[in-house]
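This report describes selected features of one protein chain. Look at the structure first, then follow the text from strand to helix to surface.

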Amino acid sequence: MVFIIALVLIAAVVLFAGTTLVVSSNRAIHKVTTIKQAHYIAEMGIEKIVSDPFVIRNALAYGEHEESSGSSIPLENNKSGTYRVKVTYNSNEKTIRIESTGEVKNNNSEKLAQKTITCTFRLSQGPFYDIVLQNAITTAANLTSGKVYIYLDEGVNQPANVYSGAEITNIRGEIPGSVFAQGSVVVDNKTVVMGDVIARGSITLNNSSKIEGKVISAESYVDVNNNVVVNGDIVAYGTDDKGYSVYLNNATVGAIYTSQGSSQVKTNNSSYTSINTISSSSYPPVYEVPQQNLPTITDEIRAMWMEKASEGETYDSGLTVNNGQTLTLDGNTLIEGDLVVKQNATLNIKEGAVIYVTGRILIENNASICVEDTNGDEKTLFSTLITEDYFDIANNAIPEALSLVALGPSTSYLKNNSVTTGPIFVPNGNLELSNNAVVYGGVFAKSIPKIGNNMEIYFNPFNNLSLPPTITDTKKLLELLEWSES
């Protein structure tokens, strides 16, 4: 009997120990599984960031960006997961740091596990971002400009350049940067260029203009007339049909360089510091004008923009805000047809929204578009207006804190005291700016046949980055440097 009792006790102890071990092992397995789930959810947040061009764009523009999973991600056994991601851009080191925290909770909102992944990527900026960070005006075709005033916006301390992939048939005004052209350039009527004037073709400087930097013609000649001042060198690699490389008429310039020296220079009532040959200088034997290209908006990019807009509300028959009315769009919006904002009307757009219009955009006669701050912080995320056709903004219309994109081949207009607080991008058509129009950002178009009548551009690369991304696979821009988990 004593033996049997002892045996039963031993069996009970063994059974209890075994049961405890099984329960403990089962709990450990569930805990490991839950931690793994939190890890995968954190990775999901990383993947969401690196695969979304709009998020990378926002990080570049604002220095930081935050995302979350929004609704919970359902898991087994009444569990659910969420992630929170913070993206930080280091403009000095050109790196993006992503910190993603994944959490797993039970149906009572009790936190079961948490995992944080921190990774750093080196950013290789695409060609469009390179352009928007340095140019106030960019066009692939000819640029004809009346008087345009380019200012550096508040806090901007870098040059604002002007670039044409063809000829600059005329430019007048004030340019706090350099002028580049793949064709000829004409600078006229008291224009002030704070940087260089560099062109593949001939360069003509007229009527009391002032160039603070160098003047370089890579394949042709330089003609300087009527009280022009060039504080830097004049370098001409080619000649005109008479064999001359540099003409000076009532001008004051620095050193002159041609392929054969003084025999290729013709002067009249002018002063210069010296005449030299290019071979005896630090200038290369062949000069390459920096070349830039506007991005091609493919069907894939267009579809990405439209998909982003279609995440929100859709208007199937266009949208018109009539005289004096006020309408608010709560976020991303797809408009099938035209967007028309009439006299004294107001269209409010929530910050960060993408509005995609399959027809035209017409904003006129004191109409305004206002971007509303949705979270009460100090910064307002830029929104974007995209039209598949053209836009016509006229007569004191004021689109505020948003970028404008026109994808059609027609001519888009900003005129008659209208102001846009954001950049303009017209990759396939013409853009005309006139009659005291104002742009806070930059102007990028296939062709700019007209800038006139005291147009003002306040150059700001921060504003320029509010343009929609022109690359669909941002992973190609990112090189992983570090990865850590906690």
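A strand here is a DSSP run of E with at least two residues, and strands are numbered from the N terminus. The model is a predicted one.

**A buried residue in a strand**

Thr138 belongs to strand E6, which covers residues 135–139. Is Thr138 buried or exposed? Its relative accessible area is 2%, and buried means under 20%, so Thr138 is buried. Leaving aside residues up to four places away in sequence, Thr138 touches Ile131, Tyr163, Leu294, Val443, Phe444, Ala445 and Ile448.

**Helix H4 and its two faces**

Helix H4 consists of residues 299–309. Its buried residues are Ile301, Met304, Trp305, Lys308 and Ala309. These residues lie on the same side of H4, because they cover an arc of only 135° around the axis. Which residues does the face turned away from the buried side carry? The exposed residues Asp299, Glu300 and Glu307 are found there.

What do the buried residues of H4 pack against? Their partners are helix H2 (53–62) and the strands E24 (313–315), E27 (333–335), E30 (354–357), E33 (383–387) and E36 (402–406).

**Aromatic pairs**

The count of aromatic pairs in the model is nine. Tyr62 and Phe462 form an aromatic pair with an edge-to-face arrangement, 5.2 Å centre to centre and with 80° between the planes. This pair links distant parts of the chain, since Tyr62 is in helix H2 and Phe462 is in helix H5 (residues 461–464), 400 residues apart. The two partners can also be described by their accessibility. Tyr62 has a relative accessibility of 15% and therefore counts as buried. Phe462, at 33%, counts as partly exposed.

There is also a cluster of rings: Tyr149, Tyr151, Tyr440 and Tyr458 are linked by ring pairs.

**Three asparagines in loops**

Asn250, Asn435 and Asn108 each sit in a loop between two strands. The table gives the place and the relative accessibility of each.

| Residue | Loop between | Relative accessibility |
|---|---|---|
| Asn250 | strand E20 (246–249) and strand E21 (255–258) | 26%, partly exposed |
| Asn435 | strand E39 (424–434) and strand E40 (438–440) | 27%, partly exposed |
| Asn108 | strand E4 (95–105) and strand E5 (111–123) | 63%, exposed |

Backbone angles are the next point for two of these residues. Asn250 has a phi near 55°, which is a positive value in a residue other than glycine. Asn435 is not a glycine either, and its phi is positive at about 55°.

For Asn108, the point to look at is a distance. Its C-alpha atom is separated by 9.3 Å from the C-alpha atom of Asn78, and the two residues are 30 residues apart along the chain.

**A nonpolar patch on the surface**

Which residues form a nonpolar patch on the surface? The patch is made of Met1, Ile5 and Leu9, and together these residues have about 380 Å² of accessible area. Met1 is located in the segment before helix H1 (2–50). Its relative accessibility is 79%, so Met1 counts as exposed.

**Summary**

Thr138 in strand E6 is buried, while Met1 is exposed. Helix H4 has a buried side, and exposed residues on the face turned away from that side. The ring pair of Tyr62 and Phe462 links helix H2 and helix H5.

Methods. Residues are numbered from 1 along each chain as its sequence is written. This is a predicted model: local features need pLDDT of at least 70, side-chain atom pairs count only at pLDDT 80 or more; totals for chains, interfaces and linings use all residues. Side-chain values use heavy atoms; hydrogens and water are left out. Buried means under 20% relative accessible area, exposed over 50%, partly exposed in between (1.4 Å probe, protein chains only). Helices (H or I, at least four residues) and strands (E, at least two) are DSSP runs, numbered from the N terminus. The arc is that of the directions from the helix axis to the C-beta atoms. Contact means heavy atoms within 4.5 Å. Patches are made of residues with over 30% relative accessible area and no salt bridge: like charges are joined within 9 Å, nonpolar side chains (Val, Leu, Ile, Met, Phe, Trp, Tyr) within 5 Å. Accessible areas come from the Shrake-Rupley method with a 1.4 Å probe; for residues, only the protein chains shown count as cover. A salt bridge is a side-chain nitrogen of Lys or Arg within 4 Å of a carboxyl oxygen of Asp or Glu. Rings of Phe, Tyr and Trp (its six-membered ring) pair if their centres lie within 6.5 Å; planes under 30 degrees apart count as stacked, over 60 as edge-to-face and the rest as tilted.
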